[in-house]
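Let's take a walk through this structure together, starting from one pair of residues and working outwards. Keep the view open as you read.

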Amino acid sequence: MPSCPRMPADAPKVGEVVRDLAHRNATGAPTEGVYMDTLNGLAYLRPEPGGCEWTTGPEYVQRLERPRYLVVQHPSRPRANDTVA
């Protein structure tokens, strides 16, 4: 049995805006971010206007009822410092 949570079979696509149920904004609503990748059991998201990525467990990623997508021109792997060897 794997020790890392896995992204569900209907995983979001790179560039899809999703909700992070583990993180809340100032009003208490789940934070929305752009799905970038899943690596070593962590989902990587970034703010819609751009900025620093954050990680969350794949089990906390929720797709929106009406999907929204952003064009990710240069998808990159998460920073090396954030990954486990």
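A good place to begin is a single rung of the ladder between two strands: Val18 has Arg63 of β5 as its bridge partner. Another rung is found at Arg19, whose bridge partner in β5 is Gln62. Both belong to the pairing of β5 with strand β1, residues 17-24, which is antiparallel and spans three bridges. Please keep in mind that this is a predicted model.

Now turn to the other neighbor of β1. Strand β2, residues 30-39, runs antiparallel to β1, and five bridges join the two. One of the bridge pairs here is Arg24 with Pro30 of β2. The two strands make a hairpin with five residues between them, and in its turn Gly28 adopts a positive phi of about 95°.

With these two pairings in hand, the whole sheet is easy to follow. Strands of a sheet pair through backbone hydrogen bonds, in either a parallel or an antiparallel manner. In this model, five strands line up in the order β4-β3-β2-β1-β5, with antiparallel pairing, and the sheet is open. Its edges are β4 (54-56) and β5 (61-63), each of which pairs on one side only. From one strand to the next, the twist averages 50°.

What else does the chain contain in terms of secondary structure? There are zero helices alongside the five strands, so to speak a plain run of β-β-β-β-β from the N terminus on.

Let's zoom in on one residue of β2, namely Glu32. Is Glu32 buried or exposed? Glu32 has a relative accessibility of 29%, and because buried means under 20% and exposed means over 50%, Glu32 counts as partly exposed. Its C-alpha lies 5.5 Å from that of Val18, although the two residues are 14 apart in sequence. Leaving aside residues up to four places away in sequence, Glu32 touches Val17, Val18, Arg19, Glu48, Trp54, Leu64 and Arg68. With Arg68, there is a polar contact between the two side chains, at 3.1 Å.

Finally, step back to the chain as a whole. Of its 85 residues, 34% are buried. The exposed area is about 5,600 Å², of which carbon and sulfur atoms supply 54%. Among contacts between residues at least 6 apart in sequence, 50% join residues at least 24 apart.

Conventions
Residues are numbered from 1 along each chain as its sequence is written. This is a predicted model: local features need pLDDT of at least 70, side-chain atom pairs count only at pLDDT 80 or more; totals for chains, interfaces and linings use all residues. Side-chain values use heavy atoms; hydrogens and water are left out. Two strands pair if DSSP finds at least two bridges between them. Helices (H or I, at least four residues) and strands (E, at least two) are DSSP runs, numbered from the N terminus. Axes are lines fitted to C-alpha atoms, for helices over the stretch in contact, and angles run from 0 to 180 degrees between N-to-C directions. Buried means under 20% relative accessible area, exposed over 50%, partly exposed in between (1.4 Å probe, protein chains only). Contact means heavy atoms within 4.5 Å. Accessible areas come from the Shrake-Rupley method with a 1.4 Å probe; for residues, only the protein chains shown count as cover. A polar contact is a pair of N or O atoms within 3.5 Å; within protein, one must be able to donate a hydrogen and the other to accept it, and residues adjacent in sequence count only if both atoms are side-chain atoms.
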